[in-house]
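Biologist: I am new to this structure and would love a guided close look at one part of it. Could you walk me through a single helix and its surroundings, and then show me how that part sits within the rest?

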Amino acid sequence: MSPIQFFLRHHREILQATAEHVWLVGLTMIFAIAIGVPLGILVTRKPWLSKPILGGANIAETIPSLALFGFLLPVPWLGGRADRLAIAALTLYALLPIIRNTSAGILGVDRAVREAARGMGMTDRQILFQVELPLSFSTMLAGIRIATVLTIGIATIAAAVGAGGLGEFIFRGLAMVNDQLILAGAIPAALLALAADFVLGVLERRLRPVR
């Protein structure tokens, strides 16, 4: 049976696994953005927190995925559900590029623009939300783009803890030495990563401030 025939015969299972994969990645990115953007802003406001925050995110990034799942398994509430465990681990992996790009984007705003805003009587909060964040949004989006593509790839490992997704086909294929099963998981995952990279890349370019 050719790979195309295999895809046609098992298209429902592949679509279901793809939907599970998108759900895992989507929830992960919501949590990662909700945590990473405030931490990136905090780094710009409290420079002394830069090393512990970025250092912690760097450490999480270097831990092998299966080892990270193992570390989180005994954590109450997380260990009882495979999807919670997977989303927590994937969120930790996605934080670094979001934190780094958020802080880099804000710090990259021209000082003269900040001074002009301050001269107009704007408060620090108003400068952040009305000046710095809009001007740095394309840089922040670049970090979100990197994190999303990274998460799509790492989410295939989530199948190892029973969280579902396209990794189910890959692990089954490896266990059965079946190339068609491996491709049934690897090809959709690669296409998802390429699609996310393209869409977010287009948004990033369109939202880049005109100099």
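Modeller: Happy to! Let's begin just past helix α6, where Gly-121 follows with a positive phi, near 90°. Please keep in mind that this is a predicted model. Stepping back along the chain, α6 itself covers residues 111–119. At its start, Asp-110 places a side-chain oxygen within 3.0 Å of the backbone nitrogen of Ala-112.

Beyond Gly-121 comes the part I would like to dwell on, helix α7, which runs over residues 124–154. If a helix of 31 residues were straight, at 1.5 Å a residue, its span would be 45 Å. Between the end C-alpha atoms of α7, however, the span is only 38 Å. Look at Phe-137 as well: α7 bends there by about 55°.

Now for the neighbours of α7. One of them is α6, whose axis lies 10 Å from that of α7, at an angle of about 145°. This crossing is right-handed. From α6, the residues in contact are Val-113, Arg-114, Ala-117 and Arg-118. They meet Asp-124, Ile-127, Val-131, Glu-132 and Leu-135 of α7.

Another neighbour is helix α9, residues 179–206. Here the axes are 9 Å apart and the packing angle is about 180°, so α7 and α9 are roughly antiparallel to each other. On the α7 side, the contact involves Ser-138, Leu-141, Ala-142, Ile-144, Arg-145, Thr-148, Val-149 and Ile-152. On the α9 side, the residues include Ala-189, Leu-192, Ala-193, Ala-196, Asp-197 and Leu-200. Gly-201, Leu-203 and Glu-204 of α9 also take part.

To see another kind of pairing, turn to helix α3 (residues 50–62) and helix α5 (residues 82–107). Their axes come within 8 Å and cross at roughly 140°. That makes α3 and α5 oblique to each other, because only angles over 145 degrees count as roughly antiparallel. The crossing of α3 and α5 is left-handed. Its contact is built from Ile-53, Leu-54, Ala-57, Asn-58, Ala-60 and Glu-61 of α3, together with Leu-92, Tyr-93, Leu-96, Pro-97, Ile-99 and Arg-100 of α5.

Finally, the wider setting. The protein chain has nine helices and zero strands, and its pattern along the sequence reads α-α-α-α-α-α-α-α-α. Taken along the principal axes, its C-alpha atoms fill a box of roughly 70 × 40 × 25 Å.

Methods: Residues are numbered from 1 along each chain as its sequence is written. This is a predicted model: local features need pLDDT of at least 70, side-chain atom pairs count only at pLDDT 80 or more; totals for chains, interfaces and linings use all residues. Side-chain values use heavy atoms; hydrogens and water are left out. A polar contact is a pair of N or O atoms within 3.5 Å; within protein, one must be able to donate a hydrogen and the other to accept it, and residues adjacent in sequence count only if both atoms are side-chain atoms. Helices (H or I, at least four residues) and strands (E, at least two) are DSSP runs, numbered from the N terminus. The expected span of a helix is 1.5 Å times one less than its number of residues. The bend at a residue is the angle between axes fitted to the seven residues ending there and the seven starting there. Axes are lines fitted to C-alpha atoms, for helices over the stretch in contact, and angles run from 0 to 180 degrees between N-to-C directions. Angles under 35 degrees count as roughly parallel, over 145 as roughly antiparallel, 65 to 115 as roughly perpendicular and the rest as oblique. A crossing is left-handed if the near helix is turned anticlockwise from the far one by less than a right angle, and right-handed if clockwise. Contact means heavy atoms within 4.5 Å.
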